[in-house]
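Q: I'd like a close look at one part of this protein, with enough of the surroundings to place it. Could you walk me through it in one go?

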Amino acid sequence: MKKSVLASFTLCLALAACMVCCDGTERGLIPNQEKAILNYISGKDITDFTKQDGVYRYIANADRDGYLSAKQVFPGDDVSFYFAEYPFTSAPGALFYTNKYYLVKDDPTINTTYWSFEPLEVRVGQTRLIEGLTRALPGCRQGDSVVLWITSDLAYDTKTNGVLPVNSALMVVLGIEDVKNN
């Protein structure tokens with residue numbers, strides 16, 4: 001009897017320790033993903049990135065002529081854009097999904113039968129997107145080339161999505177084609 005109680009107590013302690021140490025959303029996974037993102041960004045010498053509602057965002061061509069006069073995205077606006085999604089650990093992994101045909105046209109390992117290669121058209125805050133993308137679009141401008149780093153809780157989280165492992169952070173590259181302010 002004493003061995004059974006001791007074994008049960010030991011098991012409870014082990015499970016409690018695992019819950020404390022392995023809590024992916026708060027204590028482990030997300031802070032580790034943020035650290036990896038910041039290490040990657042600093043290693044690339046990107047200093048003018050922002051963190052907007054939990055999403056790291058870099059406008060690669062913000063120094064272009066006409067940037068400040070380009071239409072800015074606000075919640076409720078209609079936006080069309082090209083994108084490429086990559087799983088992210090300490091660097092971007094292999095392309096996961098895109099609507100940029102030139103990125104996949106010569107890759108026989110990717111079945112693009114059901115992929116659209118037209119710009120994705122969304123209404124910000126109303127079209128169902130991953131949360132990180134919904135949070136990152138406001139403030140972007142027509143013509144922007146944007147790089148986003150999104151932690152897993154704002155991406156696909158624990159959902160299975162094709163070949164993308166669960167709890168994957170993402171790096172998403174966007175080309176904002178058109179903005180219709182509503």
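What volume does the largest pocket have, which residues line it closest to its centre, and where does the rest of the fold come in?

A: Keep in mind that this is a predicted model. The largest pocket comes out at about 500 Å³. Its lining is made up of 23 residues, and the ones closest to the centre are Glu85, Phe96, Tyr97, Tyr156 and Asn161. By type, the lining splits into 16 nonpolar residues, three polar and four charged.

Where does that lining come from? Three strands each put in at least two residues: E3 (78–88), E5 (120–123) and E7 (169–180). E5 gives the largest share, with three residues.

To place those strands, here is the overall layout. The protein has three helices and seven strands, and along the sequence they run α-α-β-β-β-β-β-α-β-β. Of its 182 residues, 37% are buried. Among contacts with a separation of 6 or more, 65% link residues that are 24 or more positions apart.

Start with E3, one of the strands in the lining. Serine 80 sits in this strand. Serine 80 counts as buried because its relative accessibility is 10%, under the 20% cut-off. Beyond its neighbours within four places in sequence, serine 80 is in contact with Pro119, Leu120 and Glu121, and also with Gly175, Ile176, Glu177 and Asp178. Leu120 and Glu121 fall within the range of E5 (120–123), while Gly175 to Asp178 fall within that of E7 (169–180). So what separates serine 80 from valine 179, in sequence and in space? They are 99 residues apart along the chain, with their C-alpha atoms 6.7 Å apart.

Strands E3 and E7 turn up again in the largest nonpolar core, where they each supply at least two residues, as do strand E2 (55–59), helix H3 (131–136) and strand E6 (145–150). E7 gives the largest share of this core, five residues. The core has 27 residues, and those with the most contacts inside it are Phe81, Leu137, Leu148, Ile150, Leu174 and Ile176. Take leucine 137 from that list: leaving out residues up to four places away in sequence, it touches Arg57, Val73, Phe81, Val122, Val124, Leu129, Leu174 and Ile176. There's also a second, separate core of 14 residues, with Ala36, Ile37, Tyr56 and Ala84 among them.

Now back to the pocket centre, where Tyr156 and Asn161 are among the closest lining residues. Their neighbour in numbering, aspartate 157, lies in the loop between E6 and E7. Aspartate 157 has a phi near 55°, which is positive even though the residue is not a glycine. With a relative accessible area of 26%, aspartate 157 is partly exposed.

The E6–E7 loop holds another residue of this kind, asparagine 167. Here phi is about 60°, again positive in a residue that is not a glycine. Asparagine 167 is partly exposed too, at 28% relative accessibility.

Serine 152 belongs to that loop as well, and it ties the two together. Is serine 152 buried or exposed? It is buried, with a relative accessible area of 1%. Aside from neighbours within four places in sequence, serine 152 is in contact with both Asp157 and Asn167, along with Ser168, Ala169, Leu29, Ile30 and Gln33.

Phe96 and Tyr97 are also among the lining residues closest to the pocket centre. Further along the chain is isoleucine 110, in the loop between strand E4 (97–98) and E5. Isoleucine 110 and phenylalanine 96 are 14 residues apart in sequence, and 9.4 Å apart from C-alpha to C-alpha. Isoleucine 110 counts as partly exposed, at 21% relative accessibility. Not counting residues up to four places away in sequence, isoleucine 110 touches Val104 and Trp115.

One last point, on confidence. The average pLDDT is 87, and 85% of the residues score at least 70. Residues 3–25 are another matter: pLDDT is below 50 there, and the stretch has eight contacts in the model beyond near neighbours in sequence.

Key. Residues are numbered from 1 along each chain as its sequence is written. This is a predicted model: local features need pLDDT of at least 70, side-chain atom pairs count only at pLDDT 80 or more; totals for chains, interfaces and linings use all residues. Side-chain values use heavy atoms; hydrogens and water are left out. On a 1 Å grid over the protein atoms alone, a cavity is a set of points where a 1.4 Å probe fits but cannot get out, and a pocket is an open set with protein on both sides within 12 Å along at least five of seven lines; lining residues have an atom within 4 Å of a point. Grid points are joined across faces, edges and corners, and a volume is the space filled by probe spheres set on the points. Helices (H or I, at least four residues) and strands (E, at least two) are DSSP runs, numbered from the N terminus. Ala, Val, Leu, Ile, Met, Phe, Trp, Tyr, Cys and Pro count as nonpolar, Asp, Glu, Lys and Arg as charged, and the others, Gly among them, as polar. pLDDT is the predictor's confidence in each residue, from 0 to 100. Contact means heavy atoms within 4.5 Å. A nonpolar core is a set of buried Ala, Val, Leu, Ile, Met, Phe, Trp, Tyr and Cys residues joined through side-chain atoms within 4.5 Å. Buried means under 20% relative accessible area, exposed over 50%, partly exposed in between (1.4 Å probe, protein chains only).
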